[in-house]
Amino acid sequence: MIPTSVTRLLGIDLPIIQGGMSWASSSSALPLAVSRAGGLGVVAAGPMRLADLTRTLDEMAAGTDRPWAVNLPLYRQGADEVIDVLLRHRPPVLIAAQGGTQRYLERFRDVGTTCLHVVASTEHAHKAAAAGVDGLVVVGAEAGGHPPPAMVTTQVLVRAVVTEVPDIPVIASGGVADGAGLAAMLALGAGAAQFGTRFLASHEATVHPNYKAAVLAATVDSTRAVGRGLSVTRALANEFTARMTELEEANADLDVRRKAFQAATLRDAALYGDVTWGKVEAGQSAGLIHSVLPAAEIVEQIVAEYIGARERLHPPR
């Protein structure tokens, strides 16, 4: 066990949070494996149909007595219907993103769900804390998917949030792939780290083998952040990111950029293996990942690396 403010809040053994990644954890396999290993497994409700979500929630409840979470992007179509399904199933933890707390907080609190809110700035951290959320997931520029538009790094943003909003547990997200990264985030004042790209490269992640192979082939400079003025997205460099970069550098009309941006999808990459023109969302930490392992083994490896990092900080005299 590694006790922190976040492990105490969530009732988990280890300050290891699996990122709620669309398609990669839109089933019970990956989140169950992580929760059983002592971390917090997270179901990604974003792309799920209601029937699939209902089945997955039933599988989570039956599959473990350890805490688990659901990640809900509040902008998704039919979010209110998803909220209704979640309220009936009472997940132990909700991680809400990209929307206001007033849409969900009171109702989930009434059914006993712990509510975490994803933020990408100190301004949003202050607002979410003032609204009464139980904890914050602070996302920095290194993160895959949707990093903060201002592109402030995880190290700087996490330190700013824990300094300015000191009374709320913080989970650091972005650029963390191993136990040394976890130790660094805890040293900054976070109570846990969220691992997204590291769990993409797991046996249980439900993405196409081409996607996992692309993550393993990446170096630390293999991602690009594109979508300026639309929805900034960090993905592995390919024909899609090259086209977007070309249009952005040319200051192309917003409608032209939007058409190119929407022509590529995460679904194409994750489900069908199109890593050339699809959105292969991944963080800069892809360059630190060199193997596809069972999720439980990844958790064990992170813990061992964390212990090693602590020992390096406190060597025997």
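In this predicted model, helix α6 (residues 122–131) lies across two strands, β5 (114–119) and β6 (135–139). Its direction makes an angle of about 160° with that of β5.

Those two strands belong to an open sheet of eight, and the order across it reads β1-β8-β7-β6-β5-β4-β3-β2, with parallel pairing. At the edges sit β1 and β2, each of which pairs on one side only. Going from one strand to the next, the twist averages 25°. As for the β1 end of the sheet, β1 runs parallel to strand β8 (residues 192–195), and three bridges hook the pair together. Ile17 has Gln194 in β8 as its bridge partner. As a rule, side chains in a regular strand alternate between the two faces of the sheet.

A second pair of strands is built the other way round. Strand β9 (residues 223–226) and strand β10 (residues 233–236) run antiparallel, with four bridges between them. Here Ala225 stands opposite Arg234 in β10. The two strands form a hairpin with six residues between them, and in that hairpin Gly227 takes a positive phi near 105°.

Next comes helix α2 (residues 29–36). Six of its eight residues are buried, so the helix is largely enclosed by the rest of the structure. The buried set consists of Leu30, Pro31, Leu32, Ala33, Val34 and Ser35. What do the buried residues of α2 pack against? Their partners are a mix of strands and helices: β1 (16–18), β2 (41–44) and β3 (68–73) on the one hand, and α3, α9 (197–200) and α14 (295–313) on the other. Both edge strands of the sheet, β1 and β2, are thus on the list of elements that α2 packs against. After α2 comes Gly38, and its phi is positive, near 110°.

Helix α3 turns up again at a pocket. The second largest pocket has a volume of about 220 Å³, and α3 (50–63) and α13 (266–272) each supply at least two residues of its lining. The lining is made up of Trp23, Ser26, Pro47, Met48, Arg49, Asp52, Arg55, Thr206, Arg267 and Leu271. Sorted by character, four of these residues are nonpolar, two are polar and four are charged. In general, empty space of this kind shows up when a probe the size of a water molecule is rolled over the atoms.

Positive phi values are not limited to glycine in this model, as Gln98 and Met151 show. Gln98 has a phi near 55° and is found in the loop between β4 (93–97) and α5 (105–110). With a relative accessibility of 41%, Gln98 counts as partly exposed, because the partly exposed range lies between 20% and 50%. Met151, for its part, has a phi near 60° and belongs to the loop between β6 and α7 (154–164). Its relative accessible area is 29%, so Met151 is partly exposed as well.

One last residue to pick out is Glu81, which has its place in helix α4 (residues 79–89). Is Glu81 buried, exposed or partly exposed? Its relative accessible area is 42%, which means that Glu81 is partly exposed. Glu81 and Leu50 are 31 residues apart along the chain, and their C-alpha atoms are separated by 8.0 Å.

Definitions and conventions. Residues are numbered from 1 along each chain as its sequence is written. This is a predicted model: local features need pLDDT of at least 70, side-chain atom pairs count only at pLDDT 80 or more; totals for chains, interfaces and linings use all residues. Side-chain values use heavy atoms; hydrogens and water are left out. Buried means under 20% relative accessible area, exposed over 50%, partly exposed in between (1.4 Å probe, protein chains only). Two strands pair if DSSP finds at least two bridges between them. On a 1 Å grid over the protein atoms alone, a cavity is a set of points where a 1.4 Å probe fits but cannot get out, and a pocket is an open set with protein on both sides within 12 Å along at least five of seven lines; lining residues have an atom within 4 Å of a point. Grid points are joined across faces, edges and corners, and a volume is the space filled by probe spheres set on the points. Ala, Val, Leu, Ile, Met, Phe, Trp, Tyr, Cys and Pro count as nonpolar, Asp, Glu, Lys and Arg as charged, and the others, Gly among them, as polar. Contact means heavy atoms within 4.5 Å. Axes are lines fitted to C-alpha atoms, for helices over the stretch in contact, and angles run from 0 to 180 degrees between N-to-C directions.
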